[in-house]
Amino acid sequence: MRAWVALFKKDFKLTRTVFFVGLVINLLVVMLTLYMGMKADHTLLIFLPLVVGVILHVLYVPIVVFISLKTEANQLHIWLHNPGPASTLLISKIVNGLMMLVISLLMLYVMSGLLIIPKFNLIEAYWTDIWISGLLIFLHIIVISIIIGVWVLFLWALYQFLKFAIGRWSWLVVIGAVIIPSWISVLLESTKLYSLVTKWGSITYNFPTFSIQPIQTYAGEYLYTFIFIIGLFFLSAWIVDNKVEV
């Protein structure tokens, strides 16, 4: 456990600049919101910077993971000879990005709450739907960010393997690894098998004050995504453990 904590601390040091820059950006978003509050008073447009700032957090984990891996690549032979499986080395980077994401999001949510209090009359009628949707957005941003972060791990591991096998052409294969799965996913989602596997456990989100149709999701889709991402993560670790030569 101590070894993993030490590894986690090392990953934090590699990417702490990103973390602090993210916190500064949060402050700038709040300042922009205050400015819009002075220029566009009595309209919900004043909260637009906060909404954009929250949504952009989906990029948090992949950016942190990418920068951490890019830094490791400068001394790859040392990193890959670190005792312990690649899964341990890689999960530390995901957890590090996740921790930074959660702290940054919580900071933005708290500051959003402080900004909302003086303008509460603008959203009072929508308040119940706003805090429920805010919670759901918080959770889904975390999930989506982790998904993209694991894809970054996989593409990095694939590139590290291929660059020793086919050299500069490895970039073409990596690009194909981005495009082809997306194409296959679109085809798969149109099949009856996909519907059978994922379209169960209906979950409906109702937001009556937003004047939008109920949003329907399925527990099967969440489980399918979870299993796929876990599989992709361990495939990445397997490639690093067995296929990357330095």
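This report walks through the two largest pockets in a predicted model.

## The largest pocket

Let's start with the biggest one. Its volume comes out at about 750 Å³. The lining takes in 22 residues, and the ones closest to the pocket centre are V51, I116, I130, S133 and G134.

Where does the lining come from? Three helices supply at least two residues each: α2 (48-55), α5 (86-116) and α7 (127-165). Of these, α7 gives the largest share, with 7 residues. As for chemistry, the lining splits into 18 nonpolar and 4 polar residues, and there are no charged ones.

## The second largest pocket

Next in line is a pocket with a volume of about 610 Å³. Here, too, 22 residues make up the lining, and W151, S185, Y224, T225 and F228 sit nearest the centre.

The elements giving two or more residues to this lining are α7, α8 (170-189) and α10 (219-242). The largest share belongs to α8, which puts in 8 residues. Sorted by class, this lining holds 15 nonpolar, 5 polar and 2 charged residues.

## Putting the two together

The helix to keep an eye on is α7. It supplies at least two residues to the lining of the largest pocket, and it also gives two or more to that of the second largest. In the largest pocket α7 is the top contributor, whereas in the second largest pocket that role goes to α8.

Charge is another point to note: the lining of the largest pocket has no charged residues, while that of the second largest has 2.

How values were computed: Residues numbered from 1 in each chain as written. Predicted model: local features only at pLDDT ≥ 70, side-chain atom pairs only at ≥ 80, totals over all residues. Heavy atoms only, no water. 1 Å grid on protein atoms, 1.4 Å probe; cavity = no way out; pocket = protein on both sides within 12 Å on 5 of 7 lines; lining within 4 Å. Points joined across faces, edges and corners; volume = space filled by probe spheres on them. Helix = DSSP H or I, 4+ residues; strand = E, 2+ residues; numbered from the N terminus. Nonpolar A, V, L, I, M, F, W, Y, C, P; charged D, E, K, R; others polar.
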